[in-house]
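Biologist: I am new to this structure and would like a close look at a single part of it. Please place that part in the whole before going into detail.

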Amino acid sequence: MIPERVLITGCGGMLGSAVYPCFLPHYESVLATDKEINEDWLTELDVRDDSAVSRVFSEYRPDVVIHLAAETDLEYCETHPDVAEDTNATGTRSVSKLCGEYGATLVYVSTAGVFDGKKDGVYTEEDSPNPIMVYGKTKYDGEVHASDHCGSTFVVRAGWMMGGGRRKEKKFIYKILQQLGNGRKELFAVDDRWGTPTYASDFAQNLFLLLRTGRYGVYHMVCEGTGTRHDVAKEILSICGVEDVALHPVGSEFFAEEYFVTRPRSEMMSNQNLRKIGCDHMRSWQHSLKDYIEDFFPDYIRNNGHHPKAAGKSLEY
Ligand SMILES: NC(=O)c1ccc[n+]([C@@H]2O[C@H](COP(=O)([O-])OP(=O)(O)OC[C@H]3O[C@@H](n4cnc5c(N)ncnc54)[C@H](OP(=O)(O)O)[C@@H]3O)[C@@H](O)[C@H]2O)c1
């Protein structure tokens with residue numbers, strides 16, 4: 001048992017639902033917070049409320065803060081830039097300043113969305129951020145605050161998040177599965193945007209290991225491999241054993257009404273800095289996706305039994 005106290009903000013979301021159970025057995029105490037209480041193990045904390053955040057620090061005195069709280073909906077951020085700024089940037093500044101003051105280690109989870117997407121190859125930690133939308137800009141401002149105000153900071157960038165299951169997942173995987181569940185015979189998925197999927201459970205476990213190194217800095221932490229949403233949808237159909245559904249590649253303009261914020265053309269990242277310190281335990285996104293679907297959505301697998309668990313890299317620690 002590590003004799004430290006861990007405060008997690010924004011823990012009621014996709015990533016928090018993986019980080020909390022991963023950290024809980026290892027630390028003396030874990031305080032999981034969010035602005036909405038959707039689990040009985042959550043405590044209310046809105047990171048925009050300075051005095052509430054200060055109170056938690058003075059009463060709980062965390063040794064480690066995993067700062068996940070963020071407005072993550074790109075369209076909402078674009079239409080509510082003040083809320084995005086208050087949450088992603090100013091909220092992070094308050095948390096970071098308090099971490100500095102109390103001598104806590106800060107983990108700030110950021111995104112590939114800080115890049116402009118123009119690079120041809122994968123982004124490494126050496127590439128300069130140049131965000132092109134409100135979400136990316138406010139998350140990058142958060143990165144700067146985190147590094148400026150707390151000397152012991154990990155900035156950890158994740159890719160396209162997969163995780164949370166039926167109750168928490170707001171993103172692509174469950175949207176595709178829901179369409180399959182609704183009996184759709186035709187699916188459409190974008191093939192002109194590239195990224196790196198990131199399984200929340202793997203991220204949580206690798207994050208735990210990274211923290212133990214004490215090697216502060218900026219890290220990319222994504223699954224191995226890259227692809228488009230179309231590639232991911234194709235893999236979902238294969239994992240689920242679906243053969244009677246037509247999957248059509250489309251350009252981003254196909255979904256422009258619903259997803260009107262322009263995404264970077266490329267959000268592909270590689271874990272260069274994790275590899276440098278021997279702490280890259282992330283598996284291929286195909287292996288992780290298979291585990292995710294088998295663990296959280298087994299009822300979507302039609303020929304269940306023909307898809308034994310993938311033999312990916314072990315994440316045991
Ligand atoms: N999702 C991705 O694809 C992705 C990719 C890269 C990095 N990230 C980063 O990973 C972190 C975790 O995101 P996630 O994927 O778990 O998304 P998520 O499910 O949206 O989780 C974020 C959580 O923060 C909460 N929150 C929002 N405003 C808050 C506030 N003012 N005070 C306290 N909590 C607040 C949200 O509550 P509500 O749901 O009630 O708003 C939500 O529970 C975020 O920092 C995000 O930027 C996410």
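How many helices and strands are there in the protein? After that, please take me through the small group of strands that includes β9.

Modeller: This is a predicted model, and the protein in it has 11 helices and 14 strands. The part you ask about is an open sheet formed by 3 of the strands, in the order β12-β9-β14. Its pairing is mixed. β12, residues 227-228, and β14, residues 266-267, stand at the edges; each has a single partner strand, so one side of each is left without a neighbour in the sheet. In general, strands of a sheet pair through backbone hydrogen bonds, either parallel or antiparallel. Strand β9 covers residues 194-195 and runs parallel to β14, to which 2 bridges join it. One residue pair can be named here: G195 has E267 of β14 as its bridge partner.

Now for the protein around this sheet. Among contacts between residues at least 6 apart in sequence, 80% join residues at least 24 apart. The C-alpha trace spans about 60 × 40 × 40 Å along its principal axes. The radius of gyration is 19 Å, which agrees with the value near 20 Å that a compact globule of 317 residues would have. Of the 317 residues, 55% are buried. The accessible surface comes to about 13700 Å², and carbon and sulfur atoms account for 47% of that surface. As for charge, there are 34 positive and 48 negative side chains, with the centres of the two sets 2 Å apart.

Methods:
Residues are numbered from 1 along each chain as its sequence is written. This is a predicted model: local features need pLDDT of at least 70, side-chain atom pairs count only at pLDDT 80 or more; totals for chains, interfaces and linings use all residues. Side-chain values use heavy atoms; hydrogens and water are left out. Two strands pair if DSSP finds at least two bridges between them. Helices (H or I, at least four residues) and strands (E, at least two) are DSSP runs, numbered from the N terminus. The radius of gyration is taken over C-alpha atoms; the globule rule is 2.2 Å times the number of residues to the power 0.38. Buried means under 20% relative accessible area, exposed over 50%, partly exposed in between (1.4 Å probe, protein chains only). Contact means heavy atoms within 4.5 Å. Accessible areas come from the Shrake-Rupley method with a 1.4 Å probe; for residues, only the protein chains shown count as cover. Lys and Arg count as positive and Asp and Glu as negative; His and the chain ends are not counted. The place of a charge is taken as NZ of Lys, CZ of Arg, CG of Asp or CD of Glu.
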